[in-house]
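User: I would like to practise reading helix packing, sheets and unusual backbone features. Could you take me through an example?

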Amino acid sequence: MQQWPEPVIHVQSLSESGDRAIPERFIKPPSERVTAHQGPEKTMSIPIIDIGGIANGNKFDEETMRALSNACKEWGFFQLVNHGMNKEIIEKAKEVWREFFHLPMIEKQAFANSPVTYEGYGSRVGVEKNASLDWSDYFFLNIFPKNLRNYEKWPSFPNSLRETTKNYTKEVVKLCMMLMEMLSLGLGLDKEYFREAFGGDEYGACLRACFYPKCPQPELTLGLSSHSDPGGLTVLLSDDHVTGLQVRKDGEWVTVKPVPGALIINIGDQIQVMSNDIYKSAEHRVQVNSEKERLSIALFFNPKGDIPIGPAKQLLSAHKPALFQHNITFNEYRQFIRKRGPTGKYQLESLKTM
Ligand code: OGA
Ligand code: NI
């Protein structure tokens, strides 16, 4: 599919139109909507992992390793604090992307994306005609491998956006490399296991800046429908002040309450496959609200696109057979969400061999 099947509706334009009712295309079936009892009174929260000691150059201590490993097994989601990333770079990244989304529509539209690469400014994921739509706009960019990086597709305003995004993603990728070592060790694998399985220096990384405009009928829609991330590992820089992200745990939706300055990390489908289901790629979604817009920046850290992905041999035994075949590459796998849009964990489950 070379083009979107219908004219793209930018959610920000709808939000700013002042209409009190959202278009029907955005109304979710009642079973998908956020219900009151799934809201703020929930007491469960995603784990908080403090890697202060490690970020300062110390060895991985056992307690931190255990906490991280449990978080990946039980939740597939955690908040990382004392991660050592430069505060100014983080704040600047949020600032430049917020400024970008506040530009006049015509300037953003100069970067309109197509479903061929998804790179640029867009408002929908999936190309099925008449599909249900989510209440958000986004900007998607290839960061690694470097030969896919095309600065012409990066906004040139605000002036510092390119430099800031370059600096921010460089730091986040460094952090991902360290997390990959910890994740490998947490499974009892060699610390280089995931690094190598991801293609060594040929790993991939993409950035998705997500913008959730105010919504006049937030109870009827979602900012982003339920999905798990198709890639390896996601590092999310979330709005410190506006909640919205919800994670599914044992069938219940748990709202993430961002710790200021923390990074939210989640396991993607590729790591669930490589770990033969030991680490979980959690289902998540985004709720919107009528009072405040919300901005988040996701960095997707992915395996090299053309390696067939499968479970680590070291994790398999007669009692623990492979739950997935080594027969699909990440480039093939990601086509599913790019065509069908978010569908919970349907795609991953459909890959299971038993
Ligand atoms: C995503 C995502 C969450 C958020 O982009 O895949 O889950 O809070 N984003 O924006
Ligand atoms: Ni996601």
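Analyst: Gladly. Keep in mind that this is a predicted model. Let's begin with a helix contact: Ile89, Ile90, Lys92, Ala93, Val96, Trp97 and Phe100 in α4 meet Leu161, Thr164, Thr165, Asn167, Tyr168 and Glu171 in α6. By class, the residues of this contact are eight nonpolar, three polar and two charged.

User: How do I describe the geometry of such a pair, and at what angle do the axes of α4 and α6 cross?

Analyst: Two packed helices are described by the angle between their axes and the distance between the axes. Here, helix α4 (residues 87-101) and helix α6 (residues 161-186) have axes that come within 9 Å and cross at roughly 135°. That angle makes α4 oblique to α6. The crossing of the two is left-handed.

User: Is there a general way to think about which positions on a helix face a partner?

Analyst: There is. An α-helix has 3.6 residues a turn, so residues three or four places apart point the same way. With that in mind, look at α4, where Ile89, Ala93, Val96 and Phe100 are among the residues that meet α6.

User: What span should α6 have, and how far apart are its end C-alpha atoms?

Analyst: At 1.5 Å a residue, its 26 residues should span 38 Å, and the end C-alpha atoms lie 36 Å apart, which agrees. Just after α6 comes Gly188, with a positive phi of about 80°.

User: How does α3 cross α6, and which residues of the two helices meet?

Analyst: The same two descriptors serve again. The axes of α3 and α6 come within 9 Å and cross at roughly 85°. The two helices are therefore roughly perpendicular to each other. From α3, the residues Thr64, Met65, Leu68, Ser69, Cys72 and Lys73 meet Leu179, Met182, Leu183, Leu185 and Gly186 of α6. This contact has seven nonpolar, three polar and one charged residues.

User: Now for the sheets. What is the strand order in the sheet of eight strands, and which strands are at its edges?

Analyst: A good habit is to write down the order, then the pairing, then the edges. This open sheet runs β1-β2-β10-β7-β12-β5-β4-β3, and its pairing is mixed. Its edge strands are β1 (48-50) and β3 (120-122), each of which pairs on one side only. On average, neighbouring strands are turned by 25° against each other, direction ignored. Helix α3 (residues 62-74) packs on this sheet and touches β1, β2 (77-81) and β10, with its direction at about 150° to that of β1.

User: How many bridges join β7 to β10?

Analyst: Strand β7 (residues 233-238) and strand β10 (residues 263-267) run antiparallel and are joined by four bridges. Within this pair, Thr234 stands opposite Asn266 of β10. As you step along a strand, remember the general pattern: in a regular strand the side chains alternate between the two faces of the sheet.

User: What is the order in the sheet of four strands?

Analyst: That open sheet has the order β6-β11-β8-β9, with antiparallel pairing. At its edges are β6 (224-227) and β9 (252-255), each pairing on one side only. Four bridges join β8 (residues 245-249) to β9. Val247 has Val254 as its bridge partner, and Lys249 is partnered by Glu252. The two strands form a hairpin with two residues between them, and Asp250 in the turn has a positive phi of about 45°.

User: What should make me stop at a backbone torsion, and which peptide bonds here are cis?

Analyst: Start from the usual case. Most residues other than glycine have a negative phi, and most peptide bonds are trans. Against that background, the bond from Phe144 to Pro145 is cis, with omega near 0°. Another cis bond joins Phe157 and Pro158, with omega about -5°. Pro145 is in the loop between β4 (137-144) and α6, and Pro158 is also found in the loop between β4 and α6.

User: Where is Asn82, and what is the sign of its phi?

Analyst: Asn82 sits in the loop between β2 and α4. Its phi is positive, at about 50°, although Asn82 is not a glycine.

Definitions and conventions: Residues numbered from 1 in each chain as written. Chains lettered and ligands numbered in written order. Predicted model: local features only at pLDDT ≥ 70, side-chain atom pairs only at ≥ 80, totals over all residues. Heavy atoms only, no water. Axes fitted to C-alpha atoms, helices over the stretch in contact; angles between N-to-C directions. Parallel < 35°, antiparallel > 145°, perpendicular 65-115°, else oblique. Left-handed = near helix turned anticlockwise from the far one by under 90°. Contact = heavy atoms within 4.5 Å. Nonpolar A, V, L, I, M, F, W, Y, C, P; charged D, E, K, R; others polar. Pairing = 2+ DSSP bridges. Expected span 1.5 Å × (residues − 1).
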